[in-house]
Amino acid sequence: MLMLMSPESRVPVGHPIRRIKKLADEVLAGLSPVFDAMYASTGRPSIPPERLLKSTLLMALYTLRSERQFCEQLDYNLLYRWFLDMDMSEPSFDATVYTKNRTRLLAHDVAGKFFLAVVERARSAKLMSAEHFTVDGTLIEAWASLKSFKKKDAAKNDEPPDDPGNPTVNFHGEKRSNETHESTTDPDAKLARKGNGKEAKLSYSAHALMENRNGLLVDFQMDSADGRAERRAALEMLDASVPGRERVTLGADKGYDTRDFVADCRARNVTPHVAQNVTKRRSAIDERTTRQPGYAVSQRIRKRVEEVFGWMKTVGNFRKTRYVGFGANQIAAYMTAAAYNLLRMAKLLSVAEPA
C-alpha cells in the first residue's frame with residue numbers, strides 16, 4: 001500500500017506543541033550566527049545543533065528518561081519528527097551524538113544563550129515583571145552512588161571486589177563528610193540532606209530566579225550543595241539578570257533571613273521580602289519591611305516557585321541528574337528551564353490572542 005502524508009498532518013491543529021515549536025524556532029533563528037561559528041565548513045555533515053536543542057526540549061516536555069530512549073522513539077514518533085523538521089524517510093540519529101556534541105555546546109555556552117533568548121522573547125511579549133522577583137533553591141540528586149563516596153586520600157585497594165558492578169561496602173563506624181570524602185564517580189557532587197531526619201544523598205543544588213507576574217524563570221543555576229549556595233547563587237543571579245537601576249523586590253523563604261544577605265540585597269537596590277526566621281534568633285527583617293502591603297503579596301506569590309521545581313522534577317525529569325559534572329548538568333538545567341518557560345509562554349500567548 002502506498003500513501004502520501006506529512007508528519008504535520010498527524011499533529012492536532014490545537015495542540016500546544018505547535019506554539020512551542022514556533023517560539024523555539026524564532027529563538028533558534030536568532031542564534032544562527034553562534035551555530036555557524038561552532039562547525040567547520042568542510043568535513044562530514046553533523047547533526048544540526050537546532051535539532052539537538054529541540055530534541056532536548058522534547059525530552060523535558062514528554063518526560064523521556066534518556067537520550068537513547070528518545071532516539072529509539074524518534075524512529076516512529078511522527079510528532080517528534082515534525083518538531084525536529086524531519087521527513088518520514090530520514091533515519092533517527094544515534095544517541096552518541098549528544099555525547100560528542102556536549103563539549104562543543106558547553107564551550108560556546110549554547111544552552112545558556114538559548115535560555116536567555118527565551119527569557120528575552122518573554123520580556124518582549126510583556127509577560128515578565130521588571131520589579132518583583134522570587135528566589136529559591138532545591139537539591140537535585142546526583143548520578144552517583146553513596147558507595148562511590150570515599151576518603152580523598154585513601155589508597156586504592158588491590159583486592160578485587162566481590163562484585164565489580166555492585167561491590168559490598170561497610171560504612172558502619174565511619175564518619176563521612178565533604179571535607180574528608182568525595183565521590184569517585186562525580187567529584188562535583190556533595191553529600192547533603194533536605195532537612196533534619198532526612199537521609200543524606202550525593203546532590204547538586206539548583207537555584208531559580210522567578211518573576212512574579214506569570215511565574216516565568218529569569219535565571220536557573222546549578223551550584224555545589226555546600227549549605228551556603230542558596231544565598232551565594234541568589235546574589236549572582238541578581239547581578240546577572242536584574243540591573244540595579246530601579247528598586248525591585250525579592251521574595252524568599254526563611255533560609256535567606258541572614259544579616260549578610262539582607263544587607264547585600266539592599267546594597268543592590270533590592271528590597272528583601274524574606275520570610276522571617278525567629279526560631280531561637282532575631283530576624284534580619286524588621287517591621288519597616290513586613291508592614292508594607294507588598295511584603296504580604298511577595299510572601300504569597302513566592303510559593304509558586306515550588307510549582308516550577310515540581311514541574312521540572314516530575315514532568316521535566318530533573319529530580320536526578322543524568323550526567324556527571326557541573327558543565328553537562330548546567331546544560332540540562334538550562335534546557336529544562338527553557339522547556340518550562342516555553343510551555344508557560346505558549347499558554348499565556350494563546351490566552352492573550354483574540355479568538
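This report covers pockets, cavities, one helix pair and several single residues in a predicted model.

## The second largest pocket

The second largest pocket holds about 470 Å³ of space. Its lining has 20 residues. Closest to the centre of this pocket are Leu139, Arg193, Lys194, Gly195 and Glu230.

Which elements each supply at least two residues of this lining? They are strand E1 (132-141), strand E5 (201-211) and helix H8 (229-241). E1 gives the largest share, with four residues. By class, the lining of the second largest pocket has nine charged, seven polar and four nonpolar residues.

## Cavities

A search of the whole structure turns up three cavities of 30 Å³ or more. The largest cavity has a volume of about 150 Å³. It is lined by 13 residues, and those closest to its centre are Thr56, Glu67, Tyr98, Arg102 and Ile331. Helix H3 (49-61), helix H6 (96-107) and helix H13 (326-352) each give two or more residues to this lining. The lining of the largest cavity divides into 10 nonpolar residues, one polar and two charged.

The second largest cavity encloses about 60 Å³. Its lining consists of Gly316, Asn317, Phe318, Lys320, Thr321, Arg322, Tyr323, Ala332 and Thr336. Here the division is three nonpolar, four polar and two charged.

The table sets out the three linings by residue class.

| Space | Nonpolar residues | Polar residues | Charged residues |
|---|---|---|---|
| Second largest pocket | four residues | seven residues | nine residues |
| Largest cavity | 10 residues | one residue | two residues |
| Second largest cavity | three residues | four residues | two residues |

## Helices H8 and H9

Helix H8 also takes part in a helix pair. Two packed helices are described by the angle between their axes and by the distance between those axes. For H8 and helix H9 (residues 259-267), the angle is about 5° and the axes are 11 Å apart. Angles under 35 degrees count as roughly parallel, so H8 and H9 are roughly parallel to each other.

Which residues of H8 meet H9? They are Arg231, Ala234, Leu235 and Leu238. On the H9 side, Phe261, Asp264 and Cys265 take part. The residues of this contact divide into five nonpolar and two charged, with no polar ones.

## Buried residues

Valine 11 sits in the segment before helix H1 (16-30). Is valine 11 buried or exposed? Its relative accessibility is 4%, so valine 11 counts as buried. Leaving aside neighbours within four places in sequence, valine 11 is in contact with Ile17, Arg18, Leu79 and Trp82. Valine 11 and tyrosine 80 are 69 residues apart in sequence, and their C-alpha atoms are 9.8 Å apart in space.

Tyrosine 80 comes up again with glutamine 73. Glutamine 73 belongs to helix H4 (residues 67-74). Not counting residues up to four places away in sequence, glutamine 73 touches Leu64 and Tyr80. Its relative accessible area is 16%. Buried means under 20%, so glutamine 73 is buried.

Tyrosine 204 lies in strand E5, an element that also supplies residues to the lining of the second largest pocket. At 0% relative accessibility, tyrosine 204 counts as buried. Along the chain, tyrosine 204 and glycine 325 are 121 residues apart. Their C-alpha atoms are separated by 9.6 Å.

## Positive phi in two loops

Threonine 63 is not a glycine, yet its phi is positive, at about 55°. This residue is in the loop between H3 and H4. H3 also contributes to the lining of the largest cavity. How does the accessibility of threonine 63 rank it? At 36% relative accessibility, threonine 63 counts as partly exposed.

Aspartate 85 also has a positive phi, near 60°, in a residue other than glycine. Aspartate 85 lies in the loop between helix H5 (78-83) and H6. H6 is another of the helices that line the largest cavity. The relative accessible area of aspartate 85 is 47%, so this residue is partly exposed.

Technical notes:
Residues are numbered from 1 along each chain as its sequence is written. This is a predicted model: local features need pLDDT of at least 70, side-chain atom pairs count only at pLDDT 80 or more; totals for chains, interfaces and linings use all residues. Side-chain values use heavy atoms; hydrogens and water are left out. On a 1 Å grid over the protein atoms alone, a cavity is a set of points where a 1.4 Å probe fits but cannot get out, and a pocket is an open set with protein on both sides within 12 Å along at least five of seven lines; lining residues have an atom within 4 Å of a point. Grid points are joined across faces, edges and corners, and a volume is the space filled by probe spheres set on the points. Ala, Val, Leu, Ile, Met, Phe, Trp, Tyr, Cys and Pro count as nonpolar, Asp, Glu, Lys and Arg as charged, and the others, Gly among them, as polar. Axes are lines fitted to C-alpha atoms, for helices over the stretch in contact, and angles run from 0 to 180 degrees between N-to-C directions. Angles under 35 degrees count as roughly parallel, over 145 as roughly antiparallel, 65 to 115 as roughly perpendicular and the rest as oblique. Contact means heavy atoms within 4.5 Å. Buried means under 20% relative accessible area, exposed over 50%, partly exposed in between (1.4 Å probe, protein chains only).
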